[in-house]
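This report goes through a protein model with its sequence at hand, taking up surface, charge pairs, cysteines and backbone in turn.

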Amino acid sequence: MKTFLAPKPINFKLGEYINKGVELLKKDFGNIFVAFLLCCLMSIIPFCAAVAMGNMYKYLRKLNRNQPASPGDIFDFKDFMPYFILQLIILGGFLLLYIPLIIVMVVTGAISGRDEGNPLLLLFMIPYLFIMIAAIYYFALKAFYITPLISLKGITDIKEAWNISKVMTKGNLLSIFLFSLIVSILAQIGAIACGIGVFLTLPFLYTANYFAYEDAIQQIEHDEIIEIGSKNEF
């Protein structure tokens, strides 16, 4: 059955994603925990952290749909190139953000003979750091759906994935930010209770995100057969 995407702003259901994430984690904690550990292991390999994360969401989709799944599915390099290109773009973006700061530090240091306590450096650094942090958060939130578009929908063109994600996140940046913040805090509860316990709560970060991704994909996904049938009615 063929489907196509019709990008639009997503109806973001923050509470629903959190509740469903908890339920899925409770339903099959053992396998999800093993898959999470394998995801951490694969992330040690250079440039493989993103593809490991994408594979984790594929695995959770299979579990949620009661399809055959194995934690070993995490070690799948099918989507390596799109994620590799994405990571290179992110790395290039960080370099572009830091280059002006480095230049100013070098220039002001050369003029004054020292960097520490230079008022010109501080005058530039404080607002620039604020702008840099704001830019990082903005682009990270706008790119929120790139991962599921690559892993769950097979979109390998990063520009296309970015353009679709921009449309999907329109009007939802605050909701996505609050969701990410709440999920991150809940995932860190294990560290508060007991240091190593964080490994028992961190998988929730993936299960909650999975439902946010899955719901968003379903909202922009259209069945071609249904679409043709609706047109024929007219």
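Helices, in the numbering used here, are DSSP runs of H or I with at least four residues, and they are counted from the N terminus. With that in mind, the nonpolar patch on the surface can be assigned to its elements: α8 gives the largest share, seven residues. The patch is formed by I133, Y137, L174, F177, L178, L181, I182, I185, L186 and I189, which together have about 870 Å² of accessible area. Two or more residues of the patch come from each of α5 (119–142) and α8 (173–187). I133 is found in α5 and is partly exposed, at a relative accessible area of 46%.

The model is predicted, and its confidence should be kept in view while reading on. The mean pLDDT of the protein is 84, with 82% of the residues at 70 or more. Over residues 223–234, however, pLDDT stays under 50, and for this stretch the model has nine contacts beyond four places in sequence. Where pLDDT is low, the predicted coordinates should not be read in detail.

**Salt bridges**

The structure holds eight salt bridges, including the three set out below.

| Pair | Closest N to O distance |
|---|---|
| K26 and E23 | 3.6 Å |
| R65 and E214 | 3.3 Å |
| K153 and E221 | 2.5 Å |

K26 and E23 both lie in helix α1 (residues 14–27), three residues apart, which is about one turn of the helix. K26 is exposed, with a relative accessible area of 59%, while E23 is partly exposed at 47%.

The side chains of R65 and E214 also meet in a salt bridge. Because R65 lies in the loop between α3 and α4 and E214 in helix α11 (residues 203–220), this pair ties together parts that are 149 residues apart in sequence. R65 is partly exposed, at 41% relative accessible area, whereas E214 is buried, at 4%.

K153 forms its salt bridge with E221. The pair links distant parts of the chain, 68 residues apart, with K153 in the loop between α6 (146–151) and α7 (158–168) and E221 in strand β2 (residues 221–223). Both partners are partly exposed, K153 at 24% relative accessibility and E221 at a relative accessible area of 27%. Salt bridges that share partners also join R61, R65 and E214 into one network.

**Cysteines**

How many disulfides does the structure hold? The structure holds zero disulfides. For C40, the closest cysteine sulfur is in C39, and at 5.9 Å it is too far for a bond, since a disulfide requires the two sulfur atoms to be within 2.5 Å. C40 counts as partly exposed, at 32% relative accessibility, whereas C48 is buried, with a relative accessible area of 4%.

**Backbone and spacing**

Most residues other than glycine have a negative phi. F47, although it is not a glycine, has a positive phi of about 65°; its place is in the loop between α2 (29–43) and α3 (49–64), and at 37% relative accessibility F47 counts as partly exposed. N66 likewise has a positive phi, near 60°, and lies in the loop between α3 and α4 (80–112), where N66 is exposed, with a relative accessible area of 62%.

L129, in helix α5, is partly exposed, with a relative accessible area of 29%. Between L129 and Y98 there are 9.5 Å in space, C-alpha to C-alpha, and the two are 31 residues apart in sequence.

Definitions and conventions
Residues are numbered from 1 along each chain as its sequence is written. This is a predicted model: local features need pLDDT of at least 70, side-chain atom pairs count only at pLDDT 80 or more; totals for chains, interfaces and linings use all residues. Side-chain values use heavy atoms; hydrogens and water are left out. Patches are made of residues with over 30% relative accessible area and no salt bridge: like charges are joined within 9 Å, nonpolar side chains (Val, Leu, Ile, Met, Phe, Trp, Tyr) within 5 Å. Accessible areas come from the Shrake-Rupley method with a 1.4 Å probe; for residues, only the protein chains shown count as cover. A salt bridge is a side-chain nitrogen of Lys or Arg within 4 Å of a carboxyl oxygen of Asp or Glu. Buried means under 20% relative accessible area, exposed over 50%, partly exposed in between (1.4 Å probe, protein chains only). pLDDT is the predictor's confidence in each residue, from 0 to 100. Contact means heavy atoms within 4.5 Å.
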